[in-house]
Structure formats: C-alpha cells, structure tokens
Amino acid sequence: MRQYSVPVDYRRMESLLRDFEPSFEFEPAEQITEDEYADRIERIRRDATVAGYDATLVHSSLVGWYHTSNPFLRYICDWMREGVLVIPTDADQPLELLSFWTESAVVPPGGEPLLVGEIWQISPFGRESVNRPGSPLDKTVEACAAILRRLGVEGGRIGTVGDDTARTFWAALGEAMPTTGFQDATDIVLRMQRVRSAAEIAIIRSAGQLIDIGYEAACHVTRPGVTDYEVYAAFSYAQMARGGETGDGYQIGVNRYGTHCGKPYGHVVQNGDLLNLYISNVTYLGYCAQAARMMVIGSATAKQEEVLEMTVDAVRRAEQLIKPGAKFSDLHDAAFDAYVERGYLTSKETRTMPFNWEAMPDGSPRRVRREYVPDADWEAQGRRLMHVYPAAPGPHNPNLGHAIGMPKLPQYNVASHNTDRMEPGMVFVLHAQWVDPLVAGSNLGDLYVVTNDGFENLTCRTSVEPYRVSE
C-alpha cells in the first residue's frame, strides 16, 4: 500500500467538498454555430485559391490518453478524433474525412463533424491486434490518394496542414502520388488563430470561470494534513463537473520552497508550504483557458514573500497597458521592470534573461545539480530526491505570456522582441514567474482578452494575490 509520511484519513477524502459552493454562478457558453464553421472553411478555401492549391489536407494524429496531436480538425469541423480531412478548393465539392484508424474506442458524440460529406473508416490492421495483414498508415495513404484522384487533382498542387506527427504520412502520400506537388500550408490555419470571434471568446470566458471555480474548490479543501492528491482532485472535480473536458491539463506543486511544479505524488500539506497551481489548460468546448495561482500555508519566509509580491506587481503593471494598439513588448518590459528594480534581473531582454530551463551560455547542455533533497513523503514510498530542480534560477520562461485559444496552438509570445500591436479579440495569458531552487518560487497570472477600449480579465473571480491558509 502507498505510504505517507503522516497518517492519512482515507474516509475523509470524498467529504472535503461536501459544503463547497463557488462564489458565483457558472455561465456555460453556447456551442459555436455551423455558420461560423462554414466561414472558417470558406476562408481556408480562399487562401488555398490564392496559393494555387487544388485541395487542402488537414492531418491530426492520436497521441497518449486519447488526445489528438493538434486541434486543427476540431477547429475546422468540430471533429474531436484523429483523421485526415480533405478540403477541395472548389466550393461545390464536399469535404471528406478519413478517420478511425486506431484501436481507440472514443466515438461521437460529442464532436460529430460539421459540413463533412463523407466519413471513411480506416480499420486497425496488424497480426497481433486483429490478425489482419496491413498497415493503418498505408491504408489511409491509399484511401486519401484515391479521393484526390477521384477529385481530379492528381498532378496538381495540394496544401498540407498538420504537425510533426504527419511527416511519415505526407512522405508516404508523396511517394504514392509522385506527380502531385505537396506544400506545407499549416500557416493558413495558424493565421486564423490570432484574433478570436465573439463565440470563441464566450467559450474561453466559460473556461476561465471553470478555472476560478476549480481554484475556489482547491482553496476550500487545502489545509495542513490534506494531500496534494486531494487538492488536485478538488480542482478537477469542480471544473469537470461543470463541463471541463480534461483533468490533466495543469500542474500542482507543494513544498516549503514554492519551487515545485508537476503532478501530485502524495505530499501532505504542512504549515510553511507554498502551493502552486499552474493551470496550463482547462478546456471547455475545445477551447482552453490558463491562469496561475499560489497559496501560502501558514507563514512564508521574507524572501518568499518578496518573490510573491514581485510577481503580483509584475502582472498588475503589465495589465494596465492592455489596449488596442499597445505593443506586446511594452507589457513584457513593464512587468520585468518589477524584477529589475528589486535586483532580481539586470536586463528585461528575452534573449539574455536567465530562465529555469535554459542551456549553458554556449548552447551546451546544463548539468542538473546533484544533491540530496529531503522529502519525507517521497521517501515514505521508498524513493529519494537526488537532484535540485529546476536547474537554473529565474522565471520558468524568459517571457511574460502567450496566446491562448485551442490547446497546442500558441501563435505569439508576450516577449521583449514581439513588437506586434494588440487587436480587439486577441486572447492571451500573462503569468509572472520566479523560481530560485530550494529558496523561493512563485507563478501568478491571469487571462485577458483585448476589447475595443481596453481589456477584460477572464479569470477575474479569483485574485492573483496568493491565497492564505491560516495555521
């Protein structure tokens, strides 16, 4: 049986949320309309026309835990699974989808594809799994080539949209159709991610509310004696019970330094701990929100309090500048002024700023310091922590934030070298971070959308100020 460093009352676990009520009513956004999907397809076809493509192929693979490798198919036709979507450039030709080419058992609803004429099921093949000779990859390539030939576009130009998982498929398709020109057209869809529609913003707003509700639930249960499992479960239950699509899109860290960022492992919360919820991805109807929150359990050291105050100050300085026409670099610089003034940084430049995951200055690998770090909860399980993480002091990343919309599709960063100007409909997170290994750490931030006259904070129902749990 899994051991803890102090006794844990398992009967208590399911009762922690018994009296929980969020401080506000959740407002679930509506599904995006079919008309908006039709507009997206029309825009893709228009870009394909300008580029001289006869058709556009969109590829999404399946990766661990039944997630797709990218959200392109969901964005274009609301298909949650893997597959290859064929979009003829001629508007009178229907879209066709090749899918179901793994052993995954996840089927619609939700996610019945919109505006798709035909779905072609590609079977799993293999001696061990189904005792049938063949390869799903080869069969998908054959089927895709057959559709393109039927459309009469063999020998023409085809745009391809996908990620690194598509390389083998594109290469095999090129071999099957040697007279056809295939050209990467992923940027067509990426450009469409820059500014969000009103319907998309409404969904992201709901996802932001799920973050706030989940965080309030986490605050409700956090006290000395509970485990990081219980805090993570409380957050997950509260947001998923209201429509959140996944419970694995965020990290939790609890230790006495505020420097842990990962998954729960059985740590028992104690006075003097700092708890970090790095909420990288709470997804609702295919769109995600992001924020970062900290809790102080009992008391913190003077250095830890300084770091917490610095990161709050950084977010608030940047937030004040959000408006149409403002440069992203100005937000970055305003935030990191808070670090420079306190002596934590000498430069605000992204290129020269130290950060937790950086290599050595010459680009060679950085050695992670080998040192025994006591951790009673880990050692109760027969393990020891023998390295100091992270490897270098500084913020997690040398920028202040990035675009938010659909998972895995950041289009821009809030960085010193991004002099692009903000436009209404842009959605991004600002999170100020600092980690000094075994000393102090903080990660605090909110999610924003640029409006016509300023901004809206989409995670405003909980505070970026650390939550304090009394001893």
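A disulfide is a pair of cysteine sulfur atoms within 2.5 Å. In this predicted model, the number of disulfides is zero. Two cysteines show why. The sulfur of C219 has its closest cysteine sulfur in C460, at 15 Å, which is too far for a bond. C77 is in a similar position: the closest cysteine sulfur, in C144, is 14 Å away, again too far for a bond. Both side chains belong to buried residues, C77 with 0% relative accessibility and C219 with 8%.

The nonpolar interior comes next. In soluble globular proteins, nonpolar side chains tend to be buried together. Here the largest nonpolar core has 74 residues, and the members that touch the most others are I76, L85 and L277. Helix α6, residues 198-221, supplies the largest share of this core, with 12 residues. Around I76, the contacts beyond four places in sequence are Y37, I41, I44, V58, L85, I87 and V189. A second core, separate from the one around I76, has 36 residues, among them A335, L345, F428 and A432.

L345, a member of that second core, is also a contact of M353. M353 lies in the loop between α9 (328-341) and β12 (370-373). What is the relative accessible area of M353? The value is 1%, so M353 counts as buried. Apart from residues up to four places away in sequence, M353 touches H332, F336, L345, S347, K348, E358, P395 and P398. One of these, P395, is 42 residues from M353 along the chain, yet the C-alpha atoms of the two are separated by 8.7 Å.

Technical notes:
Residues are numbered from 1 along each chain as its sequence is written. This is a predicted model: local features need pLDDT of at least 70, side-chain atom pairs count only at pLDDT 80 or more; totals for chains, interfaces and linings use all residues. Side-chain values use heavy atoms; hydrogens and water are left out. A nonpolar core is a set of buried Ala, Val, Leu, Ile, Met, Phe, Trp, Tyr and Cys residues joined through side-chain atoms within 4.5 Å. Buried means under 20% relative accessible area, exposed over 50%, partly exposed in between (1.4 Å probe, protein chains only). Helices (H or I, at least four residues) and strands (E, at least two) are DSSP runs, numbered from the N terminus. Contact means heavy atoms within 4.5 Å.
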